[in-house]
Amino acid sequence: MSVMVARKKVVRKWEKLPGRNTFCCDGRIMMARQKGIFYLTLFLILGTCALFFAFECRYLAVQLSPAIPVFAAVLFLFAMATLLRTSFSDPGVIPRALPDEAAFIEMEIEATNGTVPQGQRPPPRIKNFQINNQIVKLKYCYTCKIFRPPRASHCSICDNCVERFDHHCPWVGNCVGKRNYRYFYLFILSLSLLTIYIFTFNIVYVALKSLKIGFLNTLKETPGTYPSISLTVLTVLEVLICFFTLWSVVGLTGFHTFLVALNQTTNEDIKGSWTGKNRVQNPYSHGNIVKNCCEVLCGPLPPSVLDRRGILQQEESTAQEGSCPQGPGTQEPPATQGPGQAQEAHSILSLQVSAPSVSDTEMPEEKQRTPGELPVPSLDAGRAGH
């Protein structure tokens with residue numbers, strides 16, 4: 001007889017989360033699905049720094065100071081740490097409403113707006129919220145079935161509502177929101193300093209070489225390990241990468257420094273939320289640059305509300321063979337059964353085993369009959385039939 005045993009399969013919550021995200025390391029790492037440009041960012045940073053440490057740093061450490069490669073290494077490690085922290089963390093995704101919560105919100109909206117005549121457009125789903133004596137509108141998200149908190153927005157790429165949404169950055173492969181904005185700002189700031197540092201000392205390297213052996217001889221010089229590659233070609237390659245990076249990264253750092261000073265997001269700046277025709281003041285600004293910077297960059301970091309590594313337990317039924325005596329009224333279930341049929345057969349089997357069958361020898365004397373005798377209906381059965 002086969003006995004059904006229920007085993008619990010551990011399922012993490014990140015495996016069932018909606019949205020377009022990818023998870024690694026059992027839910028500890030969270031990124032967007034589009035990660036191609038993020039890999040390009042890693043390649044550019046690692047490639048440029050590898051060339052700088054391999055060729056220019058050794059010469060500059062001997063000729064100028066050994067602190068040059070040390071400071072470059074500190075900037076490089078800090079930039080990489082903040083990049084990975086920005087890319088692998090939860091930006092502040094807001095969980096979607098459960099079916100019961102969504103139904104309650106729908107009932108609340110219908111009670112507020114009343115019955116809308118057929119063919120007429122329903123009013124917008126908006127709630128007014130007061131912050132620092134100023135009215136802020138909370139918009140309803142039809143995908144997440146929630147009223148978004150202030151400054152939150154729905155990312156069309158990740159398909160999630162993100163708290164204090166700034167923008168989706170393909171260079172870091174993730175959204176930038178409340179929980180990783182400070183790391184994003186520190187990343188672009190340290191990358192700007194690293195780019196300026198490498199760009200400057202590459203020019204210093206070429207200038208020192210030109211003073212000693214002349215500019216033309218410097219162009220023809222080749223490293224000992226790679227005689228077919230001109231050393232200056234590698235330096236020029238680094239200079240070009242740093243030059244084009246300066247215009248974008250340094251400019252981006254200046255723009256976000258301006259936003260931090262005003263306690264404003266990129267999304268709010270693009271939409272003109274506080275600089276439009278109404279000239280509405282920013283209710284989140286403290287009116288002081290130092291206070292705004294401290295709140296954005298040094299304020300308490302809220303925990304993730306997703307609980308990505310929470311456990312969802314699901315039962316799995318498995319069959320185990322065992323020698324067990326069968327009663328006269330029991331039947332052996334088929335050998336090949338699906339999970340649903342096996343569970344049903346197990347429940348029927350348990351009911352049959354719990355209620356033992358009654359044989360002819362266990363019947364009362366007045367109800368015993370010979371093997372060929374027909375059953376005689378009782379008086380109670382006849383009365384019931386009438």
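Which residue in β6 is the bridge partner of Lys127? The answer is Leu138, and the rest of the neighbourhood is easy to follow from there. Before going on, keep in mind that this is a predicted model, where local features need pLDDT of at least 70, side-chain atom pairs count only at pLDDT 80 or more, and totals for chains, interfaces and linings use all residues. Residues are numbered from 1 along each chain as its sequence is written, and side-chain values use heavy atoms, with hydrogens and water left out.

Strands here are DSSP runs (E, at least two residues), and helices are runs of H or I of at least four residues, both numbered from the N terminus. Two strands count as paired if DSSP finds at least two bridges between them. By that rule β5 and β6 (residues 134–141) pair in the antiparallel sense, over 6 bridges. They belong to an open sheet of 3 strands, in the order β5-β6-β7, with antiparallel pairing. At its edges sit β5 (126–131) and β7 (146–147), each pairing on one side only.

There's another open sheet, with 3 antiparallel strands in the order β4-β9-β8. Here β4 (93–94) and β8 (153–155) each have a single partner strand, so one side of each is left without a neighbour in the sheet. Between β8 and β9 (residues 160–162) there are 3 bridges, running antiparallel; Cys155 has Asn160 in β9 as its bridge partner.

Now go back towards the start of the chain, to a hairpin made by β2 and β3 with 4 residues between them. In its turn, Cys25 has a positive phi of about 55°. The two strands run antiparallel, with 4 bridges joining β2 to β3 (residues 29–32), and Cys24 stands opposite Ile29 in β3. As for its faces, β2 (residues 21–24) covers one, with Asn21 and Phe23, and leaves the other, with Thr22 and Cys24, uncovered.

What about helices? UniProt, in an unreviewed entry, lists residues 37–55, 67–84, 183–208 and 228–250 as "transmembrane region"; such annotations may be inferred rather than shown by experiment. In the model, residues 67–84 are 100% helix, with end C-alpha atoms 26 Å apart. Residues 183–208 are also 100% helix, and their end C-alpha atoms are 37 Å apart.

Finally, a word on confidence, given per residue as pLDDT, from 0 to 100. The chain's mean is 77, and 69% of its residues reach 70 or more. Values stay under 50 over residues 327–386, for which the model has 23 contacts (heavy atoms within 4.5 Å) beyond four places in sequence.

Technical notes:
Buried means under 20% relative accessible area, exposed over 50%, partly exposed in between (1.4 Å probe, protein chains only). pLDDT is the predictor's confidence in each residue, from 0 to 100.
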